[in-house]
Amino acid sequence: MMIVGVHPLAGFDKVLHYRVPEALAAVVVVGSLVRVPIVNRLHLGVVGEIGEPKDFPLERLKNVAQLVQPFPALTADLLGLARWMAGYYACGIDTIIETMLPAAVRNDAGFKQEKLLKLSTKLPADELAKMSTRAPQQGRLYRFLEQQFQPVKKSLILTRLDVSAAVVAVLVKRGVVEETVRRVERVAYADDWGTGEVVAAMPPLLNAEQRAAAQTLTEQLERAVFGVTLLHGVTGSGKTEVYLHAVHDALKAGGGVIFLVPEVALTPQTVSRLRGRLEAIAPGQKTVVWHSHLSEGERIDGWHSLASGEARVVVGARSAIFAPVQNLRLIVVDEEHEPAYKQDETPRYHGRDVAVMRAKLAGALCLLGSATPSLESFANVEAGKYGILCLTQRVDDRKMPRINVVDMRIEIMNSRGGTALSRKLVNAMQARFERREQTILFINRRGYSSSMLCTDCGHVEECEHCSITMTYHRSDERLRCHLCGAERPAPMACPKCRSVKIRWRGLGTQRVEEAVRRVVPRARIERMDADTMSKRHLFRQVLGDFRAGKIDVLVGTQMIGKGLDFPNVTLVGLIDADISMHIPDFRANERTFQLLVQVAGRSGRGDREGEVIVQTFTPQAEAIQFSRQADFLGFAASELKMRKDFRYPPYRHLIHHSFRGPNPEKLQFFAEQWAKTVEAALGAKVELRGPSASPIEKIKDEYRWQLWYFTSQVTTVVAELVRLREQFAWPDDLTQVIDVDPMNMM
Ligand code: ADP
Ligand code: ZN
Ligand code: ZN
C-alpha cells in the first residue's frame, strides 16, 4: 500500500498523510497535485514525500481523492526550494507553494481544447465505393481526410462537409478515422507585443571578449554541476549575446532554461528580442513568457507546456524562477543588481538569491549578469564562491559616453531663484532639438525622501551611529535615524556652513516637464511617471512614439531606461543625482552609482556619440566620481570597505521586523518587550537596533514600529525568531512581519 505525505494549500502549514488508491499508485509521485479530504471538504495539496507517518495509526488514514494532472506540479528541486524558502524567509510552506503554483493552475481553470481528425487506415477501392453508395456522408468524410497532410479540426469538418458527429463516431469505431485532442495555446505576445521590433536576423559574430566568456560557459555547462558565475560587462558590451550562447548550449544538451529579467525591464522590446532569438536557436521549441500581466489562460498554458516538458525555456520576471522547467541546466539572471527582484510582500523572497538556491538544488549553472553588479554578488566573487567573467569593451569599440557633472550649488548661485535645469543641460537640449536628435531626462524615483540638503555646501545630515541619512519629520520638526532611533531637532541652518538655504525634497516629473517646455517650447515633450506606468497601453504607446521619433524629449523616472535601446538618443540628463544618495539606506551610494552608470549607458548606443549630464549638489561624492569612468572595481573596493567597517551586508545579514497596530503606546510596549525577549534568548548571535518608530510612523491610521537585527548566522537566527514568535503573547490588534535581507529600508 502506498502512503504519501501531502502539503495541503490554503492555510495548512503542515504535512498530512493519505493512502493512495490502487488505480493511482502508478502515477502519483513526489510533486503531484492532488485533492485530499480534510474534515469534510476536499482541499488541493502537493505530494511532498512518499512514506508512512511516524505517529498516526495507518488504519485511520484517508484516501487521496483525486490526481489533478498526470505530470508533477512541482519538480523535486522546486519542492526542496519550497522547504528552504519556508525556513529562510520565515513563512509557511503552504504560502510558498501557493506562490510557486500560479492561481490559475491551482484553481484548475480548464484549458481550451480542440478535437482533431485524421485517417488511420486506407480502405481498398472497392470498399470505398461500397461505402460511398451506402453511406454518402461517410464517403465524403473519408475522401476529404485522404487529401489532408495534417490532422484537421473536427468542428471545421462538421460544418464544412455537413456531416454529423454520429458519422464521425462510426468511422472512429471502425478504426478508419482517428480522433485526437490538442490543447489550444494562447501564446502571450503572439500578435500583441511582437510588432515593430527590429530583431537581428542573424546573430552577430562574437567579439574576442564575448567569445572567451561564451567558451568558459560552454565548459561549465558541459560539467553539468552547480555553479554561479557573474558576468560583469559594461553597458553595451553585448551581455545578451553571451547569455544566448549559454542558452544554446543548455538546450543542445537537452536541458531546460530559466531566463530572468527584472519586471521593469520586461518591455515588449526585451521580450520579443529574446523570444525571437531563443526560438531561432531551437526551431520548433516554444519559449514561454512569464510576467504579472498575463491573462489566466496564457499563464496556465505556459505553465502546462513547461510542466509537461513540451517547452524548455521560460523568460520572465521574478516569479518565473518557480516555473516547472524540467531538467534545469541554466538560470540566467539579467541585471542581477535590480531591487525589483525582491518581492515586497509575503513571501519576501529575492529572485536572484532563490535562483542561486534553485540552481544548487537542480545541479545547474546560475549566470548573473550586470554592468553594475550588486555588492552581495561581487563579495561572493571575492570570497571565491562565484566565478567571474568580464566584458570591458562596448561592442564595435563604441565609445563610453562622456559624463559631465554639473555643480548645482554654482548654478543656483548664478541663476537667482529655483532652477531645475542647469545652463549646460539647457544648451545641450536645444542643440539636440536643432539636430533632430532625442533627449531623455531622468528624475530620481526616490524623490519622496525627506532628507535635509544644504544647497550651498551640499551637506546632508547623517546619523553618527549608522552612517545613513537622517529623516526629517515634519510633524515635530525633528531629524530621526530610522535604524537606531537616534533623534535631534532639525537645524535651522546648515551645521557645516551655517547657510539657511536648506532643501527638503526632490523635484517632481511635472515640474521638470514644465521647465523643459519653457526652454525648448517647440519640442514635443512626453512625461512618464507612476501614473503613465500603471496604464500599460499608454506606456507602450509612448515608448513606440519615442522610438518612431515622434517625441523629442522624454521625461521620466529611471524605470523607462532599462533594457531599451534607442539609437537616436544622444543626450541623457540626470536631474537630481543626489536624491538616491541621501535616502536613509545603507545602499544609498550603491544605488546612486548603479543609477548613474546605467543611465549613462542609455546614451550613444547608435553610431553617434552620446553625452550625459549629471546635476548634483555634491559633485565630490564617491558614487558620482567613480561613475564618471564607470569604474565599478574602484567603487566596489571603497564601498565594501565602508560596509565592512559598519558590518553591514554583505558582511552580515540584515533582518527587518515591523509591528503595526492602532495604539502607538501599546505598539511600543510590545516591541520593547519582544526586543528584550530576543536579546535574552539570542544574546551575541544577533545585534539589535531599535525598536523605533518607522520612518513613516502612521499609514491609514495604523501606527508602525520596527526593529532591525544584524547577524552572521542568519538561518539559526531566523529559526529562533520563528520559534520565539510562536511563544510570545502578542495582542490581537498587533500585526508583525519579518523581512529577511530587506532591500527597501523605508
Ligand atoms: P548589454 O546588455 O551588455 O548592455 P546588449 O546585449 O544589449 O548589451 O548589446 C548591445 C547591442 O550590441 C545590441 O544591439 C546587440 O545586438 C549588439 N551586439 C552585441 N554583440 C555584438 C557583436 N559581437 N557584434 C555586433 N553587435 C553586437
Ligand atoms: Zn551647508
Ligand atoms: Zn542611527
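Start by selecting the zinc ion (ligand 2) and the protein atoms that hold it: the SG atoms of Cys454, Cys457, Cys494 and Cys497 are the donors, lying 2.3 to 2.4 Å from the metal. Keep in mind that you are looking at a predicted model. Switch on angle labels at the ion, and you should get 105 to 111 degrees among the 4 donor atoms, a tetrahedral site. For calibration, the ideal angle at a metal with four tetrahedral donors is 109.5 degrees.

Next, trace the chain through those donors. Their spacing reads C-x2-C-x36-C-x2-C. Cys454 sits in strand β19 (residues 453-454), while Cys497 is in the loop between β22 (487-489) and β23 (502-503), so this pair ties together parts that are 43 residues apart in sequence. Turn on a surface and ask: is Cys454 buried or exposed? Cys454 is buried, at 0% relative accessibility. Cys497, by contrast, is partly exposed, with a relative accessible area of 33%.

**Salt bridges**

How many salt bridges does a search of the whole structure find? The search turns up 31. Here are a few stops among them.

Select Asp77 and Arg358. Their side chains form a salt bridge, 2.8 Å from N to O. Color the two helices and you'll see that this contact links distant parts of the chain: Asp77 belongs to helix α1 (residues 76-88) and Arg358 to helix α12 (residues 351-362), 281 residues apart. Both Asp77 and Arg358 are buried, so hide the surface to see them, given that buried here means under 20% relative accessible area.

Now jump to Asp545 and Lys550, whose side chains also meet in a salt bridge, this one at 3.7 Å from N to O. With the surface back on, Asp545 is partly exposed at 21% relative accessibility. That value puts Asp545 just past the buried class, because buried means under 20%. Lys550 is partly exposed as well, at 49%. The cut-off matters for Lys550 too, because a residue has to be over 50% to count as exposed.

The next stop is Glu687 with Arg652, a salt bridge whose closest N and O atoms are 2.9 Å apart. Glu687 is in strand β29 (residues 687-699) and Arg652 is in the loop between α21 (632-645) and β28 (653-661), so the contact ties together parts that are 35 residues apart in sequence. Which of the two partners is buried, and which is partly exposed? Glu687 is partly exposed, with a relative accessible area of 28%, whereas Arg652 is buried at 7%.

To finish with the charges, select Arg432, Arg435, Glu437 and Glu611 together: salt bridges with shared partners join these four into one network.

**Strands near the start of the chain**

Go to cartoon view and pick strand β1 (residues 2-8) and strand β4 (residues 41-50). They pair antiparallel over 5 bridges. If you want one specific pair to click on, Pro8 has Gly45 as its bridge partner in β4.

Then add strand β3 (residues 33-38), which runs antiparallel to β4 and is joined to β4 by 6 bridges. Here a good pair to click is Val36 and its partner in β4, His43. Follow the hairpin of β3 and β4 around its turn: there are 2 residues between the strands, and Val39 takes a positive phi near 50 degrees.

**Backbone oddities**

A bit of background for this part: most residues other than glycine have a negative phi, and most peptide bonds are trans.

Which peptide bond should you select in the loop between α21 and β28? Take the one from Pro649 to Pro650, which is cis, with omega near 5 degrees; Pro650 lies in that loop. Stay there and select Arg647, also found in the loop between α21 and β28. Arg647 has a positive phi of about 50 degrees despite not being a glycine, and is partly exposed at 43% relative accessibility.

Move on to strand β29, where you'll find Pro691. The peptide bond from Gly690 to Pro691 is cis, again with omega near 5 degrees.

The last selection is Asp741, in the segment after β31 (735-740). Asp741 is another non-glycine with a positive phi, about 55 degrees. Is Asp741 buried or exposed? Asp741 counts as buried, with a relative accessible area of 13%.

Conventions. Residues are numbered from 1 along each chain as its sequence is written. Chains are lettered from A and ligands numbered from 1 in the order in which they are written. This is a predicted model: local features need pLDDT of at least 70, side-chain atom pairs count only at pLDDT 80 or more; totals for chains, interfaces and linings use all residues. Side-chain values use heavy atoms; hydrogens and water are left out. Donors are N, O and S atoms within 2.8 Å of the metal (3.2 Å for Na, K and Ca); water is not among the atoms, so sites may look incomplete. Four donors count as tetrahedral if all angles lie between 85 and 135 degrees; four count as square planar and six as octahedral if opposite donors are over 155 degrees apart and all others between 65 and 115; anything else is irregular. Helices (H or I, at least four residues) and strands (E, at least two) are DSSP runs, numbered from the N terminus. Buried means under 20% relative accessible area, exposed over 50%, partly exposed in between (1.4 Å probe, protein chains only). Two strands pair if DSSP finds at least two bridges between them.
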